[in-house]
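Hi everyone, and thanks for coming. Today I'd like to walk you through a structure that may be new to you. Let's put it up on the screen.

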Amino acid sequence: MKKQSKKGWWPLSGGNEKRNREIAGIVLMFASLFFIAALLSFHAGDESLLASLSWNDISSPEAKETARKIGNPFGLLGARLSAFFIRSFFGYPAILPGIALLFWGWSLFRHKSLKPALLFFLYMLFMAVDLAAMAGLTSMPFSDYLAGTIGRMLAAMLSTLIGLTGAWVSLVAVAAITTFYMSRSLSALFAETRYSFNEIFGRPVGVLKGWFAQNVANKADRQLRKNEEKQQKKPRKPLSEPVKTAEDSLEEAVVLSDDRMTIFQEERDAEPPVQPGSSLIVQSVKVGEPEMIITAGVHEKEANLDERRLKVKTKDRDPYRFPSIDLLERVPDDDNRIDEHHLTESKRKLLEKLNIYKIDVVRISTTVGPRVTLFEMELAPDVKVSRVKSLENDLAMALAARGIRIIAPIPGKNAVGVEIPNSKPKTVWLRSVLQVEKFKNSTMKLPIVLGKTIANEVFIADLASMPHLLIAGATGAGKSVCINVIISSLLYACSPDKVKFVMIDPKRVELFHYQHLRNHFLVKFPGIDEQIITESQKAVYALRCVVKEMEFRYESLEKAGVRNIGDYNQRQPEEALPYLVVVIDELADLMITAGREVEEPIIRIAQLARAVGIHLIVATQRPSVDVITGIIKANFPSRIAFQVASKVDSRTILDGSGAEQLLGNGDMLYQPSDQPKSMRIQAPYVSSHEVEQITRFIGNQDALKNIYMLPAAEMQKGGSMASGGVQDRDGRDAMFEEAARLVVMHQQASVSLLQRRLRLGFSRAARVMDQLAYSRIVSDADGSKPRDVLVANEDSLELLLRNLDQEDGKMA
């Protein structure tokens, strides 16, 4: 006889097979449900976060930080299970065996035969492998998630063995035949193990329904009794109510929100928050003060970029996958509340200061942006706009805020604008401005996201219509982040067939993340191994290669009889030309070291390259007239100004003041080419880690077979580089003999040596080195190995030069 515990049901000794089966069934059901839920919650961005953690690392600070960042709601275990089965096993079809395990657990719990469960599990496992192999034969956007490693391997093996069509026919036939024969066996076995759900769940559900109905009836009775008691305690209303005076009416405020009007007594210290999209009209507590309307701004419609077609074919017939939005950091939750107390105080101080100077304001409306609030003031008819403009410093002192900017008047409105910094600025994240319907469905050729306006509207511009962009501002104001945002926008919107980049980075550290794009988006230059240019003389050569590419494209347009790259690509899609975006991160350094040699190709590109799809993005931290010259400004109608030190710098960039009052950290003024005045935008933030993730994701894909190569730089009539070199009558460079004596004297030969000692540009020094090799003074180039000097001493060199002169004389 079994001993029992005091509770009377848990045996203290002896086996209980029935109880053990129930416990095993419950555990197996919970494990299968966890497995299915974890797979359904698969998050592609979790893989990169888990890569640095070992399997047994669950308690370290790194593990806790990773668990906080992952997107799978089932923690580290759920993220690892989903990543393993979907990526390394056979994708989402792995859910089918999980369903079979759930049925297996249910059979254990109900003490039924396990034969149906085992047969069902084997069938589901076979169908999962079959479906994964089918997905591996497709090129759908989510085929990688539906196939996994096993599916891709089986698909490759079958397509190689019996061809693509044969593989499809075989897989479909095997699945249909297996399902047909298994259905009869499974139906008979399921009939034996069919459970009455009414018997199992009917009684508990009935109890719950009865309890719920009784609870609702009790609440209704209690509410009825409370209403009756209030009605008895409520005093009778007098026959006549006192009439409100005008002073009493001035103490009330009218709130219009969602077409509902509520009149409430104004409380200065406890005002209700304003929700996005609503308007709050606050009447003044003093006679004669204007009302203030608070507008929360635009609410952008969100969209998931990963729902579009992520995998596309390229000209090389190799698929290219767009980066997932999950590579960007998640946007922190934002309650979108407006600090109404700060707005009321700012309005009061603003009006008090204006009243001192006898400036009457009829009406004020405010728009709250991420970093600043715009107060739009409608002035009395007899007030001059210039009077308000002259009070910029006085208003800044009265409001105790930095960065007061006055717009007098606001274009298109009968109002003067005053921009005041918010008490609690908000960060605009790149993910938040990319995940909008406007960007996802954009029909622009080269869409770039610049940020959010004061009205909280995501601002997207088309680089193809700018057509060039000049970015300037002080150090740390946000220029490099802005360039990263622009490039990231193009990477999320365009495939490698549509856009290519020429990147020039004299600072060497700002654009090095984009080295991962060398096999997809970066162009190559003849004679240069680098694809991101860092030296000034190589930058001159690269820009001249772009000029040569521009001339080649104009010749192609002329032959095709079209006027621009868009018409050319429509008429000849097989020979479609990609857009070429030239990014120069620091123009000042190039202007100092190369001067006219840099300015000349930049001006030519800016003047002529729009029609052939070549666009410049030039940034500088020194907005002075010797860097941003008049002719450069004339060819860059679209400009972005970040915070600068003085009004002089602001006028150099924008032809007007205002940039010196910006707040930094991405606060900018954007001057479009089609508008008379600049607009204030808060640029989004993207970290170096996010840029690294995006570029690595692209770089890890299969390299394109044909890397876009620019033509060699233009030569002058004499055959020298257009960098200013000349040639003598025998065809050799004028510096040929000096270069020969230099390399023989030092017994080393390199282009950089000629550049330093003879003060030659890179292009001309490279050509002189080729002439020395042709004359057998130095050896031919052998990859990255240094050249050998073939002449032992200066006497031998003089004899060789004399022989070369004699040969040239005979040829003449």
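**Salt bridges, spaces and a few single residues**

Let me start with one residue: Glu 378 is partly exposed, with 23% of its relative area accessible. Please keep in mind throughout that this is a predicted model.

Who is the partner of Glu 378 in a salt bridge? Glu 378 pairs with Arg 363, and their closest N and O atoms are 3.3 Å apart. Arg 363 sits in strand β7, residues 361–368, and Glu 378 in strand β8, residues 372–379, so this salt bridge ties together parts that are 15 residues apart in sequence. Arg 363, too, counts as partly exposed, at 34% relative accessibility.

Now, let's step back to the whole chain. There are 812 residues, and 47% of them are buried. The chain has 26 helices and 20 strands. If you take the contacts between residues at least 6 apart in sequence, 67% of them join residues at least 24 apart. As for the surface, the accessible area of the chain comes to about 43,000 Å², and carbon and sulfur atoms account for 55% of that.

Back to the salt bridges. How many turn up in a search of the whole structure? The search finds 26. Let me show you some others.

Take Asp 655 and Lys 633, which form a salt bridge with their closest N and O atoms 2.7 Å apart. Asp 655 is in the loop between α21 (647–654) and β19 (667–671), while Lys 633 is in helix α20 (residues 630–634), so the pair ties together parts that are 22 residues apart in sequence. Are these two buried or exposed? Asp 655 counts as exposed, because its relative accessibility is 53% and the cut-off is over 50%. Lys 633 counts as buried, because its value is 15% and the cut-off there is under 20%.

Next come Arg 764 and Asp 733, whose side chains meet in a salt bridge at 3.0 Å, N to O. This pair links distant parts of the chain, 31 residues apart: Arg 764 belongs to helix α25 (residues 762–774), and Asp 733 to the loop between α22 (688–699) and α23 (736–746). Both Arg 764 and Asp 733 are buried. Salt bridges can also share partners, and here that joins Arg 405, Glu 419, Asp 667 and Arg 680 into one network.

Let's turn to empty space. Rolling a probe the size of a water molecule over the atoms shows where such space is left.

How many cavities of 30 Å³ or more are there? The count comes to two. The second largest cavity has a volume of about 50 Å³. Its lining is made up of Pro 370, Arg 371, Val 372, Lys 452, Thr 453, Ile 454, Asp 667, Arg 680, Ile 681 and Gln 682. Two elements give two or more residues to that lining, namely β11 (447–453) and β20 (679–682). The largest share, three residues, comes from β20. Sorted by class, the lining of this cavity has four nonpolar, two polar and four charged residues. You may recognise two names here: Asp 667 and Arg 680 are among the residues lining the cavity, and Asp 667 and Arg 680 also belong to the salt-bridge network.

Then there are the pockets. The second largest pocket holds about 950 Å³ of space. It is lined by 37 residues, and the closest to its centre are Arg 87, Asp 144, Tyr 145, Arg 321 and Phe 697. Which elements give two or more residues to this lining? They are α2 (46–50), α7 (143–192), β5 (311–313), β6 (319–321) and α22. By class, the lining of the second largest pocket has 13 nonpolar, 11 polar and 13 charged residues.

I'll finish with two single residues. Where does Gln 537 sit? Gln 537 is in helix α16, residues 536–560. Gln 537 is buried, with a relative accessible area of 15%. Beyond its neighbours within four places in sequence, Gln 537 is in contact with Glu 597, Gln 755, Gly 761 and Phe 762.

The other is Asn 793, in the loop between α25 and α26 (794–811). Asn 793 is partly exposed, at 37% relative accessible area. The C-alpha atoms of Asn 793 and Met 745 are separated by 7.2 Å, while the two residues are 48 apart along the chain.

Thanks for listening!

Definitions and conventions:
Residues are numbered from 1 along each chain as its sequence is written. This is a predicted model: local features need pLDDT of at least 70, side-chain atom pairs count only at pLDDT 80 or more; totals for chains, interfaces and linings use all residues. Side-chain values use heavy atoms; hydrogens and water are left out. Helices (H or I, at least four residues) and strands (E, at least two) are DSSP runs, numbered from the N terminus. Buried means under 20% relative accessible area, exposed over 50%, partly exposed in between (1.4 Å probe, protein chains only). Contact means heavy atoms within 4.5 Å. Accessible areas come from the Shrake-Rupley method with a 1.4 Å probe; for residues, only the protein chains shown count as cover. On a 1 Å grid over the protein atoms alone, a cavity is a set of points where a 1.4 Å probe fits but cannot get out, and a pocket is an open set with protein on both sides within 12 Å along at least five of seven lines; lining residues have an atom within 4 Å of a point. Grid points are joined across faces, edges and corners, and a volume is the space filled by probe spheres set on the points. Ala, Val, Leu, Ile, Met, Phe, Trp, Tyr, Cys and Pro count as nonpolar, Asp, Glu, Lys and Arg as charged, and the others, Gly among them, as polar. A salt bridge is a side-chain nitrogen of Lys or Arg within 4 Å of a carboxyl oxygen of Asp or Glu.
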